[in-house]
Amino acid sequence: MADYCAATVVWSGNTATLLELLKMQLDMCTSDTSKDDQLCLWLQMAGEACEAYCDNVLAAGEVKERHAVTFSPVSLRYWPVFSTDTATITIDGEDVTADYEFFYGPGVDYVTVSRTSKVCPDQFKQMDITYEAGYEPLPTDLGYAIVATARNYDAGVVGAGEIKRESVVGVGTIEYATSMDESGSYGSLSATVVTTLDKYRRLHV
């Protein structure tokens, strides 16, 4: 599981962790650690909510996919593949990594035991493939989408809904449009965030 607190974004030669970016958005000093535990919780919740919507990993980290039968080639489930330097492939617990080669394509990456093999499921054998997938650094728009969702958690505007009307006795009432009013929102994700995440959704099986 990726640590969204420590994940980074890069823009115009600048680098910041999502925690630092969230603090900037909340007008906090980046050296202020008084709310770090809470903010890291919001960021982790936001990152995992975005991953659930995309059906994919976003921040780079180790992933493991399991198959009940062995076959080749295997189109890797998670993308982009960040690194295969420490990748392992086991079949019924036996390390067979040395028998396989990794190949990369636009959106679908493969690991195969033979360059000429066909997709031919074998008898049941537990095949586990472990590798690193996701982005490091995160694309700027993706990092901002995660931070925007974390800000909503911090403001308490998800779940129970946002405050949209305020009344002052003797003065009057004012009502605000909120992200909950946006069409296209998805659970705790605003419509603006969903539009960004659509670029990163896993579209292949």
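Lys 64 is partly exposed in this predicted model, with a relative accessible area of 48%, a value that stays below the cut-off because only residues over 50% count as exposed. Its salt-bridge partner is Asp 128, and the closest N and O atoms of the two side chains are 3.9 Å apart, a separation that still qualifies because the limit for such a pair is set at within 4 Å. Asp 128 belongs to strand β9 (residues 124-133) and Lys 64 to strand β3 (residues 61-69), so the salt bridge ties together parts of the chain that are 64 residues apart in sequence. Asp 128, in turn, is buried, its relative accessible area being 10%, so that this bridge joins a buried acidic residue to a partly exposed basic one.

A further pair is formed by Asp 141 and Lys 199, whose side chains meet in a salt bridge with an N to O distance of 2.7 Å. Since Asp 141 lies in helix α3 (residues 140-155) and Lys 199 in the segment after α4 (191-197), this contact ties together parts that are 58 residues apart in sequence. Asp 141 is partly exposed, with a relative accessible area of 27%, whereas Lys 199 counts as exposed at 54% relative accessibility. Elsewhere, Asp 55, Arg 77 and Arg 202 are joined into one network by salt bridges that share partners.

The structure holds seven salt bridges, and one of them, between Lys 23 and Asp 36, has its closest N and O atoms 2.8 Å apart. Lys 23 is located in helix α1 (residues 18-25) and Asp 36 in helix α2 (residues 36-54), so the pair ties together parts that are 13 residues apart in sequence. Both Lys 23 and Asp 36 are buried.

These two residues also take part in the packing of the helices that carry them. The axes of α1 and α2 come within 10 Å and cross at roughly 105°, which makes α1 roughly perpendicular to α2, because angles from 65 to 115 degrees are assigned to that class. On the α1 side the contact comprises Leu 18, Leu 19, Leu 22 and Lys 23, which meet Asp 36, Leu 39, Cys 40 and Leu 43 in α2. By class, the contact of α1 with α2 contains six nonpolar and two charged residues, with no polar residue; Lys 23 and Asp 36, which are listed among the contacting residues, are the partners of the salt bridge described above.

Terms used: Residues are numbered from 1 along each chain as its sequence is written. This is a predicted model: local features need pLDDT of at least 70, side-chain atom pairs count only at pLDDT 80 or more; totals for chains, interfaces and linings use all residues. Side-chain values use heavy atoms; hydrogens and water are left out. Helices (H or I, at least four residues) and strands (E, at least two) are DSSP runs, numbered from the N terminus. Buried means under 20% relative accessible area, exposed over 50%, partly exposed in between (1.4 Å probe, protein chains only). Axes are lines fitted to C-alpha atoms, for helices over the stretch in contact, and angles run from 0 to 180 degrees between N-to-C directions. Angles under 35 degrees count as roughly parallel, over 145 as roughly antiparallel, 65 to 115 as roughly perpendicular and the rest as oblique. Contact means heavy atoms within 4.5 Å. Ala, Val, Leu, Ile, Met, Phe, Trp, Tyr, Cys and Pro count as nonpolar, Asp, Glu, Lys and Arg as charged, and the others, Gly among them, as polar.
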